[in-house]
Amino acid sequence: MSSILTNTSATVALQTLKSINNDLNQVQSEISTGMSVSSAKDNASVFAISKVMEADVAGFEAVSESLSLGQSTVAVASSAAEEIGELLNEVKTKIVSANEDNVDRNKLNSEVQSLVEQITGIVDSAQFNGLNILDGSNDGNGGFSVLSSLNRNADGSVTSGKISYDPSLTNLSTKSGTDLSAGTNPATNLTTAATYTEADLGPDQATISTISGANGFGLSQASGASAQFVIGDFELLASNGTVGGGVALAAGDVNLTAGTAEAGLVAGDKVSLTLGNTVATYTIGVGDRTEDIASGLRSALIEAGIDQDQFTLDTNDSTGSLTINNNSEQTINGYYQITRASGGLAGLDTLDVSTASGASSALSRIETYIQKTVDAQAQLGTTEKRLEIQSNFMSKLVDSFNNGIGSLVDADMEEASARLKALQTQQQLGVQALSIANQAPSTLMTLFR
């Protein structure tokens with residue numbers, strides 16, 4: 001049946017031509033953008049995956065920059081450590097010469113002191129972008145670490161990976177450490193840092209008896225009550241070297257030559273406590289408060305395997321103290337100490353070869369300093385190699401991700417070219433078909449002649 005109101009052929013031809021035009025527009029878009037999926041409407045799932053991968057690539061590139069910065073930092077320290085090693089070997093030759101009888105030991109001693117000063121200068125200047133991992137200023141600052149990876153878990157969460165090591169392993173400072181708890185009672189230097197008096201034990205508790213060592217003590221139970229040892233009220237140093245700081249500062253940010261510097265603590269100082277056979281040490285970190293130190297020491301005791309049935313460990317955040325209760329029926333001996341870390345070359349400036357005995361002593365000591373420097377060089381070399389390997393891996397990872405993204409969203413230009421030619425032909429045929437279909441109603445006029 002023919003109708004002048006409904007032209008089915010034209011409708012079909014029109015829909016076909018629209019479909020061809022849509023496909024042609026899609027191919028032209030692919031050719032102009034180079035992408036088969038340029039927006040979420042093209043393919044929502046592939047688009048979402050590609051965007052997540054692109055975000056990861058951006059993160060990897062930031063990690064690569066971090067690795068480059070870390071490599072430069074370690075490279076500076078490694079070069080300095082290598083130079084220090086060579087200078088120490090030169091010092092050794094002077095010391096060996098000083099062990100001869102027919103030499104001018106005073107001149108040799110002057111040369112040794114000059115070389116030591118040079119070593120100290122190298123250690124102090126071995127920094128990159130303000131970070132020095134040879135002078136001990138970063139000890140207690142959470143270690144030296146470099147962002148090395150971003151890891152996406154199956155649930156979509158992202159975690160970071162780091163390459164790190166303890167900078168105390170490469171501390172080549174010539175500064176000597178200090179026993180900050182030395183004296184009759186640590187409270188002398190640390191403002192009631194430790195209290196042993198009966199008044200602190202309570203009326204039904206035994207007196208803590210001082211045993212061997214300035215800071216030794218015994219914990220014994222009496223009348224069914226627990227004997228206590230209270231450690232707290234740690235004093236932290238302000239930047240000018242006076243006590244009263246709110247948080248622990250890095251050693252490099254504090255004037256440690258001030259007269260009160262040994263009465264307070266900085267990051268890197270170690271708090272040690274021995275209870276029977278359990279030895280625990282907590283290293284104070286940058287930003288620690290007094291309550292953090294008490295809590296850290298408690299955790300250190302637990303990690304060291306203290307018997308928590310025998311001892312009750314209570315911290316008080318308001319006073320920044322740790323109370324240790326002995327719940328056993330026996331006396332437990334212990335020792336408490338706070339020390340400021342020594343540099344790996346501490347005492348190097350005390351070498352004196354001006355006498356025969358001094359030259360002999362220096363000869364035995366110099367080997368220790370050389371070995372410490374060799375160990376530091378090995379640690380730096382290992383870290384530098386790890387950073388280099390990780391940096392190369394991140395570069396390859398970025399390339400792999402970019403290739404993966406490309407395989408998902410990039411257009412196949414050869415295929416697009418072929419499709420474009422075919423669709424252009426189909427478009428021409430579609431136009432011709434629609435033209436023929438549009439002429440069909442006019443043939444009905446012949447029926448009325």
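Biologist: What makes E111 and K94 a salt bridge?

Modeller: This is a predicted model, and in it the closest N and O atoms of E111 and K94 are 2.7 Å apart. The cut-off is 4 Å, so the pair qualifies.

Biologist: Which parts does that pair tie together?

Modeller: E111 lies in helix α3 and K94 in helix α2, so the salt bridge ties together parts that are 17 residues apart in sequence.

Biologist: Why is E111 called partly exposed?

Modeller: Its relative accessible area is 35%. Partly exposed covers values between 20% and 50%, so E111 belongs there.

Biologist: And K51 with E54, what makes that a salt bridge?

Modeller: Here the closest N and O atoms are 3.2 Å apart, which is within 4 Å and therefore counts. Both residues sit in helix α2, three residues apart, about one turn of the helix. K51 has a relative accessible area of 40% and E54 has 32%, so each is called partly exposed.

Biologist: How do you know whether R105 and D101 are buried or exposed?

Modeller: Happy to go through them! R105 has a relative accessible area of 15%, which is under 20%, so R105 is buried. D101 has 68%, which is over 50%, so D101 is exposed. Their side chains still meet in a salt bridge, at 3.7 Å from N to O, because the limit is 4 Å.

Biologist: Why is S148 called buried?

Modeller: S148, in strand β3, has a relative accessible area of 5%. That is under 20%, so the label holds. Leaving aside neighbours within four places in sequence, the contacts of S148 include V63, L67, I163 and M394.

Biologist: How do you know that the length of helix α5 agrees with what is expected?

Modeller: Helix α5 has 14 residues, and at 1.5 Å a residue it should span 20 Å. Its end C-alpha atoms are 20 Å apart, so the two values agree. Among the buried residues of α5 are I293, A294, L297 and L301. Just after α5, G305 takes a positive phi of about 95°.

Biologist: What about strand β13, which of its side chains are buried?

Modeller: The side chains alternate along β13: I332, G334, Y336, I338 and R340 point to one face and are buried, while N333, Y335, Q337 and T339 point to the other and are not.

Biologist: And what makes β9 and β13 a pair?

Modeller: Six bridges join these antiparallel strands. At least two are needed, so they pair. One of the bridges has T274 partnered with Y335 in β13.

How values were computed: Residues are numbered from 1 along each chain as its sequence is written. This is a predicted model: local features need pLDDT of at least 70, side-chain atom pairs count only at pLDDT 80 or more; totals for chains, interfaces and linings use all residues. Side-chain values use heavy atoms; hydrogens and water are left out. Buried means under 20% relative accessible area, exposed over 50%, partly exposed in between (1.4 Å probe, protein chains only). Helices (H or I, at least four residues) and strands (E, at least two) are DSSP runs, numbered from the N terminus. Contact means heavy atoms within 4.5 Å. The expected span of a helix is 1.5 Å times one less than its number of residues.
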